[in-house]
Amino acid sequence: MTTIAIPVKLRDVVEAMDLPSQDWQSYLNRDTGEIVTATDEDRWLVEDGMSLDDVPAWQQESLPKVREALESDRFLALPGSFEIHEWSIMERFARDQTGDRPADELLDSLHGRGAFRMFRSAVRQLGLEDDWCRFRESAFEEIAKEWLEAHGIRYQR
């Protein structure tokens, strides 16, 4: 396995893991440190063997990189939604709150349909947005560090 000469920026890895949809996936080139993010549509087009002539101009630039990320053993898939398990991060945050009311409200919000939306609403109502953002960021950083270390990839803050 080749190691990256220049350490990967932890911030870049965390941002690449924090995707807007569970259907997206980011990949890290273990030789260069390059990160490629692919949507589910990008992956479908590559896997279906679509010609670049058949896709819009804005996709023609990104699809060769997506193809390389999917087909090359130099690229590793970064932790996705299943490895990150954001619901557990929210639960840990709720349990870390002092006082019965905030902890209870946050834990109650995590049950049933729309738990992610309800949790964000409870965080907002309790005035804990900044605390939640810091906690979530720290959790993502820990996941990224563990993943990088497990793959022997150097990183810097």
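Here are some short exercises on the structure above, each with a worked solution.

The structure is a predicted model, in which local features need pLDDT of at least 70 and side-chain atom pairs count only at pLDDT 80 or more, while totals for chains, interfaces and linings use all residues. Residues are numbered from 1 along each chain as its sequence is written, and side-chain values use heavy atoms, with hydrogens and water left out.

**Exercise 1. Get an overview**

Task: Describe the helices and strands of the protein, and its overall dimensions.

Solution:
- Step 1: Start with the terms. Helices (H or I, at least four residues) and strands (E, at least two) are DSSP runs, numbered from the N terminus.
- Step 2: Count them. There are nine helices and five strands in the protein.
- Step 3: Put them in order. Along the sequence the pattern is β-α-β-β-α-α-α-β-α-α-α-α-α-β.
- Step 4: Turn to the dimensions. The C-alpha trace spans about 55 × 35 × 20 Å along the principal axes of the protein.

**Exercise 2. Inside and outside**

Task: Find what share of the residues is buried, and what supplies the exposed area.

Solution:
- Step 1: Fix the cut-offs. Buried means under 20% relative accessible area, exposed means over 50%, and partly exposed is in between (1.4 Å probe, protein chains only).
- Step 2: Apply them. Of the 157 residues in the protein, 38% are buried.
- Step 3: Look at the surface. The protein exposes about 9,600 Å², where accessible areas come from the Shrake-Rupley method with a 1.4 Å probe and, for residues, only the protein chains shown count as cover. Carbon and sulfur atoms supply 47% of this area.

**Exercise 3. Two sides of helix 8**

Task: Work out how the buried residues of helix 8 are arranged, and what covers them.

Solution:
- Step 1: List the buried residues. In helix 8 (residues 115–125) they are Ala115, Phe119, Ala122 and Val123.
- Step 2: Look down the axis. The buried residues of helix 8 fall within an arc of 100°, so they line one face of the helix. The arc is that of the directions from the helix axis to the C-beta atoms.
- Step 3: Check the other side. Arg117, Arg124 and Gln125 are the exposed residues on the face turned away from the buried side of helix 8.
- Step 4: Find the cover. It includes helix 6 (86–96), helix 7 (100–109) and helix 9 (129–150).
- Step 5: Step past the end. Gly127, just after helix 8, has a positive phi of about 70°.

**Exercise 4. Helix 1 and its surroundings**

Task: Do the same for helix 1, naming its buried residues and their cover.

Solution:
- Step 1: The buried residues of helix 1 (residues 10–17) are Leu10, Val13, Val14, Ala16 and Met17.
- Step 2: They fall within an arc of 165° down the axis of helix 1, so they line one face of the helix.
- Step 3: The cover includes strand 1, strand 2 (25–29), strand 3 (35–38), helix 5, helix 9 and strand 5 (155–156).

**Exercise 5. The length of helix 9**

Task: Test whether the span of helix 9 agrees with its number of residues.

Solution:
- Step 1: Take the rule. The expected span of a helix is 1.5 Å times one less than its number of residues.
- Step 2: Apply it. The 22 residues of helix 9 should span 32 Å.
- Step 3: Compare. The end C-alpha atoms of helix 9 are 32 Å apart, which agrees.
- Step 4: Add some detail. The buried residues of helix 9 include Trp132, Phe140 and Trp147, and just after the helix Gly152 takes a positive phi of about 65°.

**Exercise 6. Sequence and space**

Task: Compare separation along the chain with separation in space for Lys9 and Arg157, and for Val66 and His111.

Solution:
- Step 1: Place Lys9. This residue lies in strand 1 (residues 8–9) and is partly exposed at 45% relative accessibility.
- Step 2: Find its distance to Arg157. The two are 148 residues apart in sequence and 5.9 Å apart in space, C-alpha to C-alpha.
- Step 3: Place Val66. This residue lies in helix 4 (residues 63–71) and is buried, with a relative accessible area of 1%.
- Step 4: Find its distance to His111. The two are 45 residues apart along the chain, and their C-alpha atoms are separated by 37 Å.
- Step 5: List the contacts of Val66 (heavy atoms within 4.5 Å). Leaving aside neighbours within four places in sequence, Val66 is in contact with Val36, Thr37, Ala38, Asp42 and Val46.

Definitions and conventions
Contact means heavy atoms within 4.5 Å.
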